[in-house]
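Hello,

Here is the structure I promised to pass on. Have a look at it first, and my notes follow underneath.

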Amino acid sequence: MVMKTRDKFIEVARQLFARKGVENTTMNDIASASDKGRRTIYTYFKSKRDIFNAVIESETDQILNRLRHIVAQSSTPEEKLKDYIDCRFEAMKEIVSRNGSLRAGFFRDVRKVDRARKIITRKETALLRDILQEGVDKGEFEISNVNQFSVVVTQAIHGLDVPYIRDNLSDEGIDKAMLKKYISDLIINSVRKR
(Lines give C-alpha, C1' and ligand atoms only; values in the text may rest on other atoms or scores of the structure.)
Protein backbone atom coordinates (compact mmCIF):
# COMPACT_ATOMS: atom_id res chain seq x y z
CA MET A 1 0.00 0.00 0.00
CA VAL A 2 1.32 3.42 -0.92
CA MET A 3 1.67 5.60 2.15
CA LYS A 4 0.19 9.09 1.92
CA THR A 5 2.81 11.84 2.03
CA ARG A 6 1.70 13.22 5.41
CA ASP A 7 1.59 9.75 6.96
CA LYS A 8 5.01 8.98 5.51
CA PHE A 9 6.44 12.13 7.09
CA ILE A 10 4.95 11.13 10.45
CA GLU A 11 6.35 7.59 10.31
CA VAL A 12 9.79 8.73 9.12
CA ALA A 13 9.86 11.40 11.84
CA ARG A 14 8.88 8.80 14.46
CA GLN A 15 11.73 6.55 13.38
CA LEU A 16 14.25 9.40 13.34
CA PHE A 17 13.06 10.72 16.71
CA ALA A 18 13.40 7.20 18.13
CA ARG A 19 16.88 6.70 16.71
CA LYS A 20 18.42 10.17 17.03
CA GLY A 21 16.18 11.89 19.56
CA VAL A 22 13.81 14.76 18.90
CA GLU A 23 16.38 17.45 19.63
CA ASN A 24 18.92 15.95 17.19
CA THR A 25 16.47 15.52 14.29
CA THR A 26 15.93 18.39 11.89
CA MET A 27 13.15 19.04 9.41
CA ASN A 28 15.79 18.56 6.70
CA ASP A 29 16.52 15.09 8.11
CA ILE A 30 12.84 14.17 7.93
CA ALA A 31 12.40 15.54 4.41
CA SER A 32 15.55 13.81 3.17
CA ALA A 33 14.70 10.45 4.74
CA SER A 34 11.22 10.73 3.19
CA ASP A 35 12.70 11.38 -0.26
CA LYS A 36 10.85 14.69 -0.36
CA GLY A 37 11.97 18.31 -0.47
CA ARG A 38 11.88 20.72 2.45
CA ARG A 39 9.10 22.71 0.85
CA THR A 40 6.92 19.61 0.72
CA ILE A 41 7.27 18.90 4.43
CA TYR A 42 6.40 22.52 5.25
CA THR A 43 3.13 22.20 3.28
CA TYR A 44 2.06 19.62 5.89
CA PHE A 45 3.82 20.81 9.05
CA LYS A 46 4.81 24.32 10.16
CA SER A 47 7.54 23.16 12.54
CA LYS A 48 9.26 20.21 14.13
CA ARG A 49 6.94 20.63 17.11
CA ASP A 50 3.94 20.17 14.77
CA ILE A 51 5.34 16.96 13.37
CA PHE A 52 6.30 15.76 16.88
CA ASN A 53 2.70 16.37 17.99
CA ALA A 54 1.48 14.45 14.94
CA VAL A 55 3.75 11.55 15.91
CA ILE A 56 2.36 11.55 19.45
CA GLU A 57 -1.20 11.73 18.11
CA SER A 58 -0.53 8.83 15.75
CA GLU A 59 0.90 6.74 18.58
CA THR A 60 -1.98 7.53 20.93
CA ASP A 61 -4.51 6.75 18.20
CA GLN A 62 -3.11 3.22 18.11
CA ILE A 63 -3.84 2.81 21.82
CA LEU A 64 -7.30 4.30 21.49
CA ASN A 65 -8.21 2.07 18.55
CA ARG A 66 -7.29 -1.01 20.56
CA LEU A 67 -9.32 0.23 23.53
CA ARG A 68 -12.32 1.05 21.30
CA HIS A 69 -12.26 -2.53 20.07
CA ILE A 70 -12.54 -3.76 23.67
CA VAL A 71 -15.43 -1.41 24.47
CA ALA A 72 -17.29 -2.72 21.37
CA GLN A 73 -16.91 -6.39 22.36
CA SER A 74 -20.00 -8.36 23.34
CA SER A 75 -18.43 -9.57 26.61
CA THR A 76 -19.57 -8.56 30.11
CA PRO A 77 -18.57 -5.17 31.53
CA GLU A 78 -16.32 -6.96 34.05
CA GLU A 79 -14.50 -8.84 31.26
CA LYS A 80 -14.22 -5.62 29.24
CA LEU A 81 -12.72 -3.85 32.25
CA LYS A 82 -10.09 -6.57 32.71
CA ASP A 83 -9.30 -6.56 28.97
CA TYR A 84 -9.15 -2.76 28.95
CA ILE A 85 -6.58 -2.65 31.77
CA ASP A 86 -4.46 -5.41 30.23
CA CYS A 87 -4.57 -3.84 26.77
CA ARG A 88 -3.86 -0.33 28.03
CA PHE A 89 -0.69 -1.32 29.89
CA GLU A 90 0.59 -3.51 27.05
CA ALA A 91 -0.15 -0.97 24.33
CA MET A 92 1.64 1.79 26.23
CA LYS A 93 4.64 -0.47 26.85
CA GLU A 94 4.83 -1.37 23.14
CA ILE A 95 4.66 2.25 22.03
CA VAL A 96 7.31 3.40 24.49
CA SER A 97 9.68 0.54 23.64
CA ARG A 98 9.16 1.01 19.86
CA ASN A 99 10.25 4.61 20.15
CA GLY A 100 13.77 3.94 21.44
CA SER A 101 15.70 7.06 22.43
CA LEU A 102 12.50 9.09 22.13
CA ARG A 103 11.59 7.32 25.36
CA ALA A 104 14.48 8.81 27.33
CA GLY A 105 14.13 12.35 26.02
CA PHE A 106 10.36 12.19 26.25
CA PHE A 107 10.27 11.18 29.92
CA ARG A 108 12.86 13.84 30.86
CA ASP A 109 10.64 16.64 29.56
CA VAL A 110 7.65 16.79 31.91
CA ARG A 111 5.87 19.33 29.70
CA LYS A 112 5.98 16.96 26.73
CA VAL A 113 4.63 14.15 28.88
CA ASP A 114 1.80 16.40 30.09
CA ARG A 115 0.93 17.52 26.55
CA ALA A 116 0.87 13.94 25.29
CA ARG A 117 -1.22 12.79 28.25
CA LYS A 118 -3.80 15.54 27.69
CA ILE A 119 -4.26 14.36 24.12
CA ILE A 120 -5.22 10.87 25.22
CA THR A 121 -6.61 11.25 28.76
CA ARG A 122 -10.05 12.61 27.84
CA LYS A 123 -10.56 9.97 25.19
CA GLU A 124 -9.39 7.14 27.46
CA THR A 125 -11.64 8.40 30.25
CA ALA A 126 -14.64 8.42 27.89
CA LEU A 127 -13.95 4.82 26.81
CA LEU A 128 -13.57 3.66 30.39
CA ARG A 129 -16.74 5.57 31.32
CA ASP A 130 -18.62 3.64 28.61
CA ILE A 131 -17.59 0.31 30.15
CA LEU A 132 -18.45 1.44 33.68
CA GLN A 133 -21.79 2.94 32.63
CA GLU A 134 -22.68 -0.28 30.83
CA GLY A 135 -21.97 -2.17 34.05
CA VAL A 136 -24.21 0.23 36.00
CA ASP A 137 -26.97 0.01 33.37
CA LYS A 138 -26.88 -3.81 33.49
CA GLY A 139 -27.00 -3.78 37.29
CA GLU A 140 -23.52 -5.33 37.63
CA PHE A 141 -21.72 -2.24 38.94
CA GLU A 142 -22.65 0.24 41.62
CA ILE A 143 -20.93 3.60 41.16
CA SER A 144 -22.27 6.83 42.65
CA ASN A 145 -20.66 9.08 40.00
CA VAL A 146 -19.44 7.26 36.88
CA ASN A 147 -17.88 10.40 35.37
CA GLN A 148 -15.72 11.18 38.38
CA PHE A 149 -14.84 7.55 39.01
CA SER A 150 -13.69 7.20 35.38
CA VAL A 151 -11.38 10.20 35.77
CA VAL A 152 -9.82 8.80 38.96
CA VAL A 153 -9.32 5.30 37.50
CA THR A 154 -7.76 6.70 34.31
CA GLN A 155 -5.34 8.81 36.34
CA ALA A 156 -4.48 5.84 38.57
CA ILE A 157 -3.68 3.70 35.52
CA HIS A 158 -1.55 6.50 34.06
CA GLY A 159 0.33 6.72 37.35
CA LEU A 160 1.38 3.10 36.94
CA ASP A 161 2.61 3.41 33.34
CA VAL A 162 6.28 3.99 34.17
CA PRO A 163 6.46 1.36 36.97
CA TYR A 164 4.79 -1.13 34.60
CA ILE A 165 7.01 -0.35 31.61
CA ARG A 166 10.20 -0.39 33.67
CA ASP A 167 9.05 -3.34 35.81
CA ASN A 168 9.87 -1.27 38.92
CA LEU A 169 7.68 -3.33 41.23
CA SER A 170 9.55 -6.60 40.67
CA ASP A 171 11.69 -5.78 43.72
CA GLU A 172 8.47 -6.07 45.72
CA GLY A 173 7.68 -9.44 44.10
CA ILE A 174 5.05 -7.90 41.82
CA ASP A 175 5.55 -8.79 38.16
CA LYS A 176 3.63 -7.19 35.29
CA ALA A 177 0.90 -9.84 35.21
CA MET A 178 0.34 -9.49 38.94
CA LEU A 179 0.17 -5.70 38.69
CA LYS A 180 -2.53 -5.90 36.02
CA LYS A 181 -4.48 -8.44 38.09
CA TYR A 182 -4.23 -6.37 41.27
CA ILE A 183 -5.42 -3.23 39.49
CA SER A 184 -8.29 -5.11 37.82
CA ASP A 185 -9.32 -6.72 41.12
CA LEU A 186 -9.08 -3.40 42.96
CA ILE A 187 -11.34 -1.63 40.46
CA ILE A 188 -13.81 -4.50 39.95
CA ASN A 189 -14.17 -5.21 43.67
CA SER A 190 -14.83 -1.52 44.32
CA VAL A 191 -17.61 -1.27 41.71
CA ARG A 192 -19.19 -4.74 41.78
CA LYS A 193 -22.78 -4.55 42.99
CA ARG A 194 -23.14 -6.19 46.39
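The protein exposes about 10900 Å², and carbon and sulfur atoms supply 50% of that area. Please keep in mind that this is a predicted model. Of its 194 residues, 41% count as buried.

On secondary structure, I found 10 helices and 0 strands, so to speak in pattern form: α-α-α-α-α-α-α-α-α-α along the sequence. As for how the chain meets itself, take the contacts with a separation of 6 or more: residues 24 or more positions apart account for 68% of them.

Now to the interior. The largest nonpolar core holds 32 residues, and I63, L81, Y84, I85 and L132 are those with the most contacts inside it. Two or more residues each come from helix 4 (48–72), helix 5 (77–98), helix 7 (110–137), helix 8 (146–159), helix 9 (161–166) and helix 10 (176–191). Helix 5 gives the largest share of this core, with 9 residues.

If you would like one residue to start from, try L81. Leaving out residues up to four places away in sequence, L81 touches L128, I131, L132, F141, I187 and I188. There is also a second, separate core, made up of 17 residues, with L16, M27, I41 and I51 among them.

I would be glad to hear what you make of it once you have had a look.

Best wishes

Note on methods: Residues are numbered from 1 along each chain as its sequence is written. This is a predicted model: local features need pLDDT of at least 70, side-chain atom pairs count only at pLDDT 80 or more; totals for chains, interfaces and linings use all residues. Side-chain values use heavy atoms; hydrogens and water are left out. A nonpolar core is a set of buried Ala, Val, Leu, Ile, Met, Phe, Trp, Tyr and Cys residues joined through side-chain atoms within 4.5 Å. Buried means under 20% relative accessible area, exposed over 50%, partly exposed in between (1.4 Å probe, protein chains only). Helices (H or I, at least four residues) and strands (E, at least two) are DSSP runs, numbered from the N terminus. Contact means heavy atoms within 4.5 Å. Accessible areas come from the Shrake-Rupley method with a 1.4 Å probe; for residues, only the protein chains shown count as cover.
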